[in-house]
Amino acid sequence: MPAFAGFPPGRNPYIPVPERFFTDLLPAIEDAAELKITLHLFRLLYTKAGEPRCASGRELAADPMLRQALRRQGDPRSPEERLHAALELALARGTLLRVRVQVDDALVVWYFFNTELGREMVGRLLRGEESPARLLEVEGPFEDEMADAKAGALEGEGPELSVDAERPNIFTLYEQNIGILTPMLAEELREAERRYPAEWTAEAFRLAVQQNKRKWAYIHAILKRWENEGRGELSYGSEQRYSR
């Protein structure tokens, strides 16, 4: 392995990384490929212009820097396989959100960071408030192909576009954020999954983690309150009263 020659003199460009990456994510990440894809996305999305800030799966698979970073001596998997596995780990952890856009028979997947802006954009896409054509501004080798699809969609002609997103189910959220499921609790979670919208459940879990109240009773109290009073504008401090 060649030695690193050191950072060059003068001013070097910097990429901002949220502090929560170091306090919450870095201690939990064990897979080197997951760590590499997360850091690569910080750089890639920061350098993109305009909104939304997201990257397609095809863009990532074609990125020579990322392909090189994911090669590992002694690992029989291809860079594509390692990329797929790393993205799945980041999705399961909640670092990333994934949206799938169907363009006729072709499926293009897009990755957003799980930030307020990312959750907002995914929500607008799912509710039909944002056209999936906005996601078809792909950089790199797919630009011409997807530009044609975008142009046709904007003119009401050409490919038919549809969008959906993957959300973790309530059991995955529980195991990732609280702990091991018991059979008795599984029935309560199953009932809650039928009763409350998936985005409410995901947001209630996020609030519980943010407030360090990792208990189902706390999460369920938030959901019941939203059901009775309406979700409205979330006030994070106000959820403290559900800690009992």
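Let's start with phenylalanine 42: at 12% relative accessibility it counts as buried, because the cut-off for that label is under 20%. Keep in mind, everyone, that we are looking at a predicted model. Phenylalanine 21 counts as buried too, at 4% relative accessibility.

Those two residues belong together, as you'll see if you pull up the rings. There are six aromatic pairs in the structure. In one of them, the ring centres of phenylalanine 21 and phenylalanine 42 sit 5.7 Å apart with the planes at 85 degrees, so we call the pair edge-to-face; planes over 60 degrees apart get that name. And what does the pair tie together? Phenylalanine 21 is in helix 1, residues 19–25, while phenylalanine 42 is in helix 2, residues 32–47, so the contact ties together parts that are 21 residues apart in sequence. There is a wider group here as well: ring pairs join Phe21, Phe22, Phe42 and Phe113 into a cluster.

Now please scroll along to another aromatic pair, phenylalanine 205 with tryptophan 216. This one is tilted, with 6.3 Å from centre to centre and 35 degrees between the planes. Phenylalanine 205 comes from helix 10, residues 198–210, and tryptophan 216 from helix 11, so this pair ties together parts eleven residues apart in sequence. Are these two residues buried or exposed? Both phenylalanine 205 and tryptophan 216 are buried.

Since we've arrived at helix 11, let's stay there for a moment. Helix 11 covers residues 216–229, and with 14 residues at 1.5 Å each it should span 20 Å; the C-alpha atoms at its ends are 20 Å apart, so expectation and model agree. If you're checking the arithmetic, the expected span uses one less than the number of residues. Its buried residues are Trp216, Tyr218, Ile219, Ala221, Ile222, Leu223, Arg225 and Trp226, and you'll have spotted an arginine in that list. Right after helix 11 comes glycine 230, with a positive phi near 90 degrees.

Last stop, the cavities. How many of 30 Å³ or more does the structure hold? The count is one. The largest cavity contains about 40 Å³ of space. Its lining is made up of Leu60, Ala61, Leu66, Arg67, Leu70, Pro79, Glu80 and Leu83. Helix 3 (57–61), helix 4 (64–70) and helix 5 (79–93) are the elements that each give two or more residues to that lining. By character, the lining residues of the largest cavity split into six nonpolar, no polar and two charged; Arg and Glu are among the types that count as charged.

That's my tour, thanks, and I'm happy to take questions.

How values were computed:
Residues numbered from 1 in each chain as written. Predicted model: local features only at pLDDT ≥ 70, side-chain atom pairs only at ≥ 80, totals over all residues. Heavy atoms only, no water. Helix = DSSP H or I, 4+ residues; strand = E, 2+ residues; numbered from the N terminus. Buried < 20%, exposed > 50% of the residue type's maximum accessible area, 1.4 Å probe, protein only. Phe/Tyr/Trp six-rings, centres within 6.5 Å; stacked < 30°, edge-to-face > 60°. 1 Å grid on protein atoms, 1.4 Å probe; cavity = no way out; pocket = protein on both sides within 12 Å on 5 of 7 lines; lining within 4 Å. Points joined across faces, edges and corners; volume = space filled by probe spheres on them.
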